[in-house]
Protein chains: 2
Amino acid sequence: MRISELSRRSGVPNATIKFYLRKGLLPPGRATAATQAEYDETHLRRLRLIRALISVRGLTVNATREVLSAVSEHEADVHQVLGLALGAKRVDQDGEPDTQPGMSDVDALVARLGWQLSEHTPARGVIAETLETLRSLGTDFSWRALVPYAELAQRTAVLDLDQLKDTDDALERAERAVLLTVLLEPALLALRRMAQEHESAVRHGAIPGPSVPGPGGG
Amino acid sequence: MRISELSRRSGVPNATIKFYLRKGLLPPGRATAATQAEYDETHLRRLRLIRALISVRGLTVNATREVLSAVSEHEADVHQVLGLALGAKRVDQDGEPDTQPGMSDVDALVARLGWQLSEHTPARGVIAETLETLRSLGTDFSWRALVPYAELAQRTAVLDLDQLKDTDDALERAERAVLLTVLLEPALLALRRMAQEHESAVRHGAIPGPSVPGPGGG
DNA sequence: CATGACTGGAGAGTGGCAGTATCCATACTA
DNA sequence: TAGTATGGATACTGCCACTCTCCAGTCATG
């Protein structure tokens with residue numbers, strides 16, 4: 001398949017495909033001549049994934065490339081892929097991330113939860129920054145308030161990994177991990193907002209209904 | 001307080017404050033003359049909130065304005081504020097949102113959960129879009145798979161609303177709702193990623209540890 | 001009243017980024 | 001051999017979050 005067919009089948013304009021090739025989002029096709037290359041189904045699938053990450057999730061091109069290169073390089077180690085820089089957070093160039101204010105709170109939180117994480121997971125910085133911002137805004141929100149949220153996040157992670165169980169192929173598994181981790185993020189936040197609206201209405205007395213389904217937690 | 005002091009106390013450049021005033025993010029000060037206005041502590045607090053929403057959460061200026069105007073207009077009705085267009089999703093101009101593909105799945109999901117929501121909550125569209133994207137990518141992910149996620153989201157919402165219980169002042173309450181809803185979003189996603197990494201390591205056999213804390217769910 | 005610093009407001013300019021358009025030498029295709 | 005398509009490079013567009021510049025009006029001081 002050449003670039004025009006790739007464009008036709010994906011709905012992505014020719015020029016945009018070239019742009020993604022240039023940016024390293026899409027691996028180059030198998031060159032058959034100086035100005036000719038052959039693309040296959042994996043390119044098509046990759047291209048659709050790129051569009052989803054960029055337009056649905058709203059990732060930047062750079063963040064998308066990092067995610068995808070992680071998928072390609074660590075196909076087998078899904079648990080390595082999952083902790084990646086998926087938030088498109090800007091980095092504070094060459095500064096020790098450990099010196100970031102609020103990071104000790106994150107360490108305390110992680111220790112309390114008993115989580116074993118790689119030291120340089122960018123997610124740590126995100127949490128530190130959030131806590132610091134909340135503090136600067138004058139709230140009394142501390143890392144302890146995050147503990148119950150973290151336990152719910154852990155159950156969410158259990159659901160996530162359960163979704164991966166029935167996939168054997170390494171590449172497919174890694175791609176599915178990305179889909180479930182990254183693409184589901186806006187949906188999960190939307191679910192939270194809807195649940196807030198419902199729960200708020202319930203507490204307001206307007207609507208009868210159980211506050212929390214299932215056992216425990218409440 | 002005049003604009004320079006506002007700038008000094010918030011750390012936001014003079015020109016940027018003017019920009020926010022022009023864009024309607026920051027309400028104008030009390031005019032004392034044709035070229036003179038007086039700002040107070042609420043402006044300072046609002047300004048810090050704006051910076052947090054834009055730089056920490058990554059909202060666009062327009063999305064931030066919508067959130068803030070909602071806070072101002074519905075100070076008392078927190079449950080109205082919570083369901084808002086916080087995701088900075090682009091809208092498909094003048095199209096009936098009900099005609100969006102996948103929306104019937106969202107209706108089924110909401111019905112299954114027993115949630116009572118306003119009809120035009122933008123969160124519905126986000127979920128529909130996500131489901132549609134996952135379908136177009138060839139996964140077998142249906143709305144039923146979202147049910148357990150939604151139940152966890154509901155517990156998260158319970159935590160969120162609990163955080164608001166001890167606040168009486170309407171404006172403070174609405175602002176706190178925004179903080180917890182919007183500003184916490186990146187942190188919650190980060191918690192999920194960290195939990196995924198931990199859970200994946202546990203399942204991989206590398207680390208001993210309980211899969212899920214607390215009762216139920218597992 | 002004169003002078004200079006400051007103010008609010010408006011328009012233009014900047015830099016970054018995603019995507020698009022144009023060229024060009026080359027390569028298939030009729 | 002003429003016409004179309006390709007890959008690659010470069011330049012351009014449009015959007016957006018600022019940021020700069022200018023201006024008349026205002027205030028503080030002498």
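Reader: Let's start with the helices. At what angle do H9(A) and helix H7 (residues 122-136) of chain B pack?
Author: Happy to begin there, with a word on the model: it is predicted, so local features need pLDDT of at least 70 and side-chain atom pairs count only at pLDDT 80 or more, while totals for chains, interfaces and linings use all residues. Residues are numbered from 1 along each chain as its sequence is written, chains are lettered from A and ligands numbered from 1 in the order in which they are written, and side-chain values use heavy atoms, leaving out hydrogens and water. Helices (H or I, at least four residues) and strands (E, at least two) are DSSP runs, numbered from the N terminus. The axes, lines fitted to C-alpha atoms (for helices over the stretch in contact, with angles from 0 to 180 degrees between N-to-C directions), are 8 Å apart here, and the packing angle of H9(A) and H7(B) is about 155 degrees.

Reader: How are H9(A) and H7(B) oriented relative to each other?
Author: Angles under 35 degrees count as roughly parallel, over 145 as roughly antiparallel, 65 to 115 as roughly perpendicular, and the rest as oblique. With their angle of about 155 degrees, H9(A) and H7(B) are therefore roughly antiparallel.

Reader: Is the crossing of H9(A) and H7(B) left-handed or right-handed?
Author: A crossing is left-handed if the near helix is turned anticlockwise from the far one by less than a right angle, and right-handed if clockwise. For H9(A) and H7(B), the crossing is left-handed.

Reader: How do the residues of the contact of H9(A) with H7(B) divide by class?
Author: Contact means heavy atoms within 4.5 Å. Among the residues making it are A:Leu183, A:Ala187 and A:Leu191 of H9(A), and B:Ile127 and B:Thr130 of H7(B). Ala, Val, Leu, Ile, Met, Phe, Trp, Tyr, Cys and Pro count as nonpolar, Asp, Glu, Lys and Arg as charged, and the others, Gly among them, as polar. On that basis the contact has 12 nonpolar, two polar and one charged.

Reader: Within chain A, how many charged residues are in the contact of H3(A) with H9(A)?
Author: The axes of H3(A) (residues 41-56) and H9(A) (residues 170-203) come within 10 Å and cross at roughly 20 degrees, so the two helices are roughly parallel. Their crossing is left-handed. Residues in the contact include A:Arg45, A:Arg46 and A:Leu53 of H3(A), with A:Glu172, A:Glu175 and A:Leu179 of H9(A). Alongside 10 nonpolar and no polar residues, the charged ones number four.

Reader: How does H3(A) lie relative to H4(A)?
Author: The axes of H3(A) and H4(A) (residues 61-73) come within 10 Å and cross at roughly 135 degrees. That angle makes H3(A), relative to H4(A), oblique.

Reader: Which residues does A:Ser10 touch, beyond those up to four places away in sequence?
Author: A:Ser10 is found in helix H1 of chain A, and its C-alpha is 8.6 Å from that of A:Arg45, although the two are 35 residues apart in sequence. The side chain of A:Ser10 also reaches the backbone oxygen of A:Leu6 at 2.7 Å. The residues A:Ser10 touches are A:Ile17, A:Leu44, A:Leu47 and A:Arg48.

Reader: Now the DNA. Which element gives the most residues to the surface near DNA strand D?
Author: A residue is near a strand if one of its heavy atoms lies within 4 Å of it, and 23 residues surround DNA strand D. A polar contact is a pair of N or O atoms within 3.5 Å; within protein, one must be able to donate a hydrogen and the other to accept it, and residues adjacent in sequence count only if both atoms are side-chain atoms. Phosphate oxygens of strand D lie 2.3 Å from a polar side-chain atom of A:Ser4, 3.0 Å from one of B:Thr16 and 3.4 Å from one of B:Arg51. With five residues, the element giving the most is H2(B).

Reader: What share of the atoms of DNA strand D within 4 Å of the protein belongs to sugar or phosphate?
Author: The closest residues are A:Ile3, A:Ser4, B:Thr16, B:Phe19 and B:Tyr20. Bases make up the rest of those DNA atoms, and the sugar or phosphate share is 70%.

Reader: Which residue's side chain has an N or O atom 3.0 Å from a base nitrogen of DNA strand C?
Author: Strand C is surrounded by 23 residues, and sugar and phosphate account for 67% of its atoms within 4 Å of the protein. Phosphate oxygens of strand C lie 2.9 Å from a side-chain N or O atom of A:Tyr20 and 2.9 Å from a polar backbone atom of A:Val61. The base nitrogen is paired with the side chain of B:Lys18.

Reader: Which element supplies the largest share of the surface near DNA strand C?
Author: That surface divides into 11 nonpolar, seven polar and five charged residues. Its largest share, five residues, comes from H2(A).
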